[in-house]
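The following report goes through one protein model with attention to charged pairs, strand packing, nonpolar clusters and backbone angles. Please keep the sequence and the coordinates at hand while reading.

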Amino acid sequence: MFDWDDLRVFLAVARNRRVGPAARALGIDATTIARRLQRLEAALDSQLFEQVGADRILTLRGSALLAHAESVEGATLEALADVKGERHSLHGHIRLSVAEGFGTYILAPALPAFHAAHPGIRLDVITASGFLNPSKREADMAVMLARPQRGDLHVQKLGDYRLRLYASRSYLATRGEPQDRSALKDHALVGYVPDFLFSPELDYLDEVHTGLEASLRSSSIGIQRRLVIDGGGLGILPDFMVANAEDLVVVLPGDVVITRSFWLVTHSNQRKLARIAAVSNLLRTCAEGLGDRA
């Protein structure tokens with residue numbers, strides 16, 4: 001017999017790809033997860049997952065069910081919002097996933113005033129390495145470096161920003177200033193740890209010149225900024241992160257200029273909630289004139 005609540009279990013496993021994380025997300029034990037998946041497959045007379053090691057991979061029929069299950073989930077959330085009066089409420093919890101640089105230098109300065117204006121909104125700003133995925137319900141909203149290509153999501157471009165090659169005056173006084181891109185191989189470079197590049201848009205050095213490798217590396221753009229300021233080497237930094245760093249100098253200013261974009265991503269069925277709209281307005285305001293900041 002078909003049980004609607006089994007769709008919730010199916011979604012958790014499909015999004016986490018494993019029974020253990022799905023069980024923790026739902027707050028029920030793994031044995032119950034496995035039993036309810038078996039019940040759902042029996043009710044639908046379909047195999048929904050293939051097991052590859054510890055992973056559960058969607059079959060063709062499982063992929064077909066996923067789209068319908070997400071529609072059911074979205075409709076359920078919208079119904080709850082209407083019945084509970086949340087659609088027009090400026091109260092509630094929002095989890096927002098953002099890039100570290102955006103969160104620190106663009107968003108954080110505006111948060112005290114936002115909280116004063118909307119004390120009923122509890123906003124969690126997550127800047128872990130790698131974005132939480134709204135399509136998997138890991139976050140309510142996200143500011144991402146690339147436009148998502150799938151999922152029931154509402155996506156809008158917040159704006160472009162510019163990155164350039166920077167060095168401290170002390171570093172250049174000691175090591176000299178490179179005259180072209182090929183000369184960068186003779187300099188100490190600051191950059192990301194390749195294994196922790198959670199987005200291909202962060203692979204700046206290879207875009208500047210093939211084969212460049214950083215000798216001082218961090219998954220944190222904040223740490224990279226500090227390393228460049230303290231004379232550790234040359235590094236690619238967003239212009240909006242160096243406005244108050246008077247010791248930094250643009251290197252190869254007419255040659256090395258990289259443009260990236262920030263994208264605001266929300267669930268299609270949540271974007272009309274008043275609290276979501278309030279945070280969206282905040283983010284759009286914060287991003288105004290982003291490309292002109294230096």
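The sections below take up salt bridges, one strand and its partners, the nonpolar regions, and two backbone angles.

## Salt bridges

The model is predicted, and a search of the whole structure finds twelve salt bridges. As background, side chains of opposite charge can pair when their charged atoms come close. Three of the pairs are set out here, with the relative accessibility of each partner.

| Acidic residue | Basic residue | N to O distance |
|---|---|---|
| D5 (30%, partly exposed) | R8 (40%, partly exposed) | 2.9 Å |
| D160 (33%, partly exposed) | K157 (44%, partly exposed) | 3.0 Å |
| D239 (1%, buried) | R164 (16%, buried) | 3.1 Å |

The salt bridge of D239 and R164 links distant parts of the chain, since D239 sits in the loop between β9 (234-238) and β10 (248-251) while R164 belongs to strand β6 (residues 153-168), 75 residues apart. Why does D239 count as buried? Its relative accessible area is 1%, and the cut-off for a buried residue is under 20%. R164 counts as buried by the same cut-off because its relative accessibility is 16%. For the pair of D160 and K157, by contrast, the relative accessibilities are 33% for D160 and 44% for K157, so both residues fall in the partly exposed class, which lies between the 20% and 50% limits.

The pair of D5 and R8 also has a wider setting, in that D3, D5, D6, R8, R36 and R39 are linked in a network of salt bridges.

## Strand β9 and its partners

The loop that holds D239 follows β9, a strand that is mostly covered, with five of its five residues buried. In a regular strand the side chains alternate between the two faces of the sheet. In β9 both faces are covered, with L234, I236 and P238 buried on one side and G235 and L237 buried on the other.

Which strands pair with β9, and in what sense? β6 pairs with β9 in the antiparallel sense over four bridges, and among the residues involved L165 has I236 as its bridge partner in β9. Strand β7 (residues 189-191) pairs with β9 in the parallel sense over two bridges, and here L189 has L234 as its bridge partner.

A polar residue is also in contact with this region: Q224, which lies in helix α9 (residues 221-229), counts as buried because its relative accessibility is 2%. When neighbours within four places in sequence are left aside, Q224 is in contact with V190, G191, Y192, S218 and L237; L237 is one of the buried residues of β9.

## Nonpolar cores and a surface patch

In soluble globular proteins, nonpolar side chains tend to be buried together. The largest nonpolar core of this model has 58 residues, and those with the most contacts inside it are L96, F102, V143, L234, I236, F262 and L283. Helix α10 (residues 274-287) gives the most to this core, with seven residues. L234 and I236, both named in that list, are buried on one side of β9.

For F262, the contacts that are not counted as sequence neighbours, meaning those beyond four places away, are A99, F102, V143, M144, L145, Q156, K157, L158, G159, Y161, F240 and L290. This list includes K157, whose side chain meets that of D160 in a salt bridge. A second, separate core of 17 residues includes A12, V13, I33 and A69.

Some nonpolar side chains lie at the surface instead: F2, W4, L44 and V72 make a nonpolar patch of about 370 Å². Of these, F2 has its place in the segment before α1 (6-16), and it counts as partly exposed because its relative accessible area is 34%.

## Two positive phi angles

Two residues other than glycine with a positive phi deserve a note. For R17, which lies in the loop between α1 and α2 (19-26), phi is near 65°, and for L252, which has its place in the loop between β10 and β11 (257-267), phi is near 50°.

Are these two residues buried or partly exposed? R17 is partly exposed, with a relative accessible area of 40%, whereas L252 is buried, with a relative accessible area of 9%.

Notes: Residues are numbered from 1 along each chain as its sequence is written. This is a predicted model: local features need pLDDT of at least 70, side-chain atom pairs count only at pLDDT 80 or more; totals for chains, interfaces and linings use all residues. Side-chain values use heavy atoms; hydrogens and water are left out. A salt bridge is a side-chain nitrogen of Lys or Arg within 4 Å of a carboxyl oxygen of Asp or Glu. Buried means under 20% relative accessible area, exposed over 50%, partly exposed in between (1.4 Å probe, protein chains only). Two strands pair if DSSP finds at least two bridges between them. Patches are made of residues with over 30% relative accessible area and no salt bridge: like charges are joined within 9 Å, nonpolar side chains (Val, Leu, Ile, Met, Phe, Trp, Tyr) within 5 Å. Accessible areas come from the Shrake-Rupley method with a 1.4 Å probe; for residues, only the protein chains shown count as cover. Contact means heavy atoms within 4.5 Å. A nonpolar core is a set of buried Ala, Val, Leu, Ile, Met, Phe, Trp, Tyr and Cys residues joined through side-chain atoms within 4.5 Å.
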